[in-house]
Amino acid sequence: MNAIHHPIAIVGAGLGGLTLARVLHVHGIPATVYEADPSAASRTQGGQLDIHRDDGQRALADAGLTDEFRAIIHEGAEASRVLDQHGKLLYDEPDDGTGQRPEVLRGDLRRILLDSLPDRTVRWGHKVTGVRPLGAGRHELAFADGSTATSGLLVGADGAWSRIRPLLSDAEPEYVGTTFIDTYLYDADERHAATAKAVGAGAMSALTPGKGIIAHREAGNILHTYVMLSRPAEWIAAIDFTDAAAATARVAAEFDGWAPELTALITDGETAPVARTIHTLPDGHRWKRVPGLTLLGDAAHLMPPSGDGANLAMLDGAELAKAIAAHPGDLEAALTAYEEALFPRTEPIYAEAHEMLDLLLGDRAPLGFINLFNGVPPGGGGVISA
């Protein structure tokens, strides 16, 4: 079987890889995206994202998709509130329509990107099993189905456990000591009224040192919960998440004594709990220029979730596409320009991401997180009031 050659091959059909493909298409440059999933609908795409003006929204503008983005915004979802573990309201900020970070579902955002691409741009069911340098910046991709492809430019947009990253860097993700556990409640206002009231119109955070519950109200009267636990990897590994009832009971036991309207976000979950161990690459991860290769998104700069990950991935994709368009016939100049801007742009965000995790679960929780809303610098004073 002869390998198919693509001038630009992108591994990973997440938000960053699709933004890269779309902005290249806007500039008349074809690309092929290889994705392991068998189809666009083969798995859920995660929860709600706040899309920032200076990166995510900018990337969508470069993609020519601002109107499509505006059409999928979940109005009212920028509201935020913080409760203590007993359900007492500590902070409440309604969505007054003036915010700069509108919320959308990740799946809806991915859909508008997919719909904007020519047919066959994304090759579903192509799981990369190996990559081989061919010289002169060319690489050969091997897939689980036995097929192969070659590239003039290979972009790793394949997330935390990238198969492309080892060609550029020896860095490996490390567990940060915190795990998020996803649960969902459906028909929340009717079936879980007390909990829905506690969550409010947007996002609710109930935080104490070492553990917390964050819930987002999503479109369709859904409450999506992230249970946060700072626990060793061995503690998480000891929970059998294939036994949904036992796993739920074990996680809920960590919140014994909390208000029932909060623990219901765990115990009444209508989907099996899913554990997501949080990993990071070394702060300020960089690599030396390698011909025909680069990375974007979590493959390039995996860090704890802080609201920046999806936005940065889309900005990476847009900026890489624009660099390629600005250097026709000279991919190495394009990659050099892209990476020289990428590294300093993302380096300070590592510190911000770790700082956010500390505000959520550190010794000053929840005061540190409330101070963030009030504009008090980390480590500054602050008074909790209802």
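**Exercise 1. Look at strand E13 and work out whether its two faces are covered or open.**

Solution. Start with one side of E13: Lys211, Ile213, Ala215 and Arg217 are all buried there. Now flip to the other side, where Gly212, Ile214, His216 and Glu218 are buried too. So both faces of E13 are covered. A handy reminder: in a regular strand the side chains alternate between the two faces of the sheet. Put as a count, 8 of the 8 residues of E13 are buried, so this strand is largely enclosed by the rest of the structure. Keep in mind that you're looking at a predicted model.

**Exercise 2. Find out which strands pair with E13, and in which sense, parallel or antiparallel.**

Solution. Take E12 to begin with: it runs antiparallel to E13, and 6 bridges join the two. One of the pairs to look for is Leu207 with its bridge partner Gly212 in E13. The link between E12 and E13 is a hairpin with 2 residues in between, and Gly210 in that turn has a positive phi of about 90°.

Next, go to E14. Its pairing with E13 is antiparallel as well, over 8 bridges. Here you can pick out His216, whose bridge partner in E14 is His224. E13 and E14 also make a hairpin, this one with 3 residues between the strands, and Gly220 in the turn has a positive phi of about 90°.

**Exercise 3. Place these strands in their sheet: what is the strand order, and which strands stand at the edges?**

Solution. Trace the sheet across and you get E5-E4-E12-E13-E14-E11-E15, an open sheet of 7 strands with mixed pairing. The edges belong to E5 (89-93) and E15; each has a single partner strand, so one side of each is left without a neighbour in the sheet. On average, neighbouring strands are turned by 20° against each other, ignoring direction.

For a parallel pair, try E4 (residues 80-83) and E12 (residues 203-208), which are joined over 4 bridges. Val82 has Ser205 in E12 as its bridge partner.

**Exercise 4. Follow helix H12: which strands does it touch, and how does it pack against H13?**

Solution. First the sheet. H12 packs on it, touching E11 (174-185), E12, E13 (211-218), E14 (222-230) and E15, and its direction makes about 60° with that of E11.

Then the other helix. H12 (residues 331-361) meets H13 (residues 367-374) at an angle of about 120°, with the axes 6 Å apart. That makes H12 oblique to H13. At the contact, Met356, Leu359 and Leu360 of H12 meet Gly368, Phe369 and Leu372 of H13. Sort those residues and you find 5 nonpolar, 1 polar and no charged.

**Exercise 5. Decide whether His285 and Val104 are buried or exposed, and list what they touch.**

Solution. Begin with His285, in the loop between strands E15 (274-280) and E16 (293-295). Its relative accessibility is 7%, and the cut-off for buried is under 20%, so His285 counts as buried. Its side chain makes a polar contact of 2.8 Å with that of Ser169. Beyond four places in sequence, His285 is in contact with Arg165, Ser169, Ala171, Ala300, Phe343 and Tyr350.

Val104 sits in strand E6 (residues 103-105). With a relative accessible area of 0%, Val104 is buried. Setting aside residues up to four places away in sequence, Val104 touches residues including Gly47, Leu49, Phe69, Ile72 and Leu109. Ala71 is 33 residues from Val104 along the chain, and their C-alpha atoms are separated by 9.5 Å.

Conventions:
Residues numbered from 1 in each chain as written. Predicted model: local features only at pLDDT ≥ 70, side-chain atom pairs only at ≥ 80, totals over all residues. Heavy atoms only, no water. Axes fitted to C-alpha atoms, helices over the stretch in contact; angles between N-to-C directions. Parallel < 35°, antiparallel > 145°, perpendicular 65-115°, else oblique. Contact = heavy atoms within 4.5 Å. Nonpolar A, V, L, I, M, F, W, Y, C, P; charged D, E, K, R; others polar. Buried < 20%, exposed > 50% of the residue type's maximum accessible area, 1.4 Å probe, protein only. Polar contact = N/O pair within 3.5 Å; in protein donor to acceptor, adjacent residues only side chain to side chain. Pairing = 2+ DSSP bridges.
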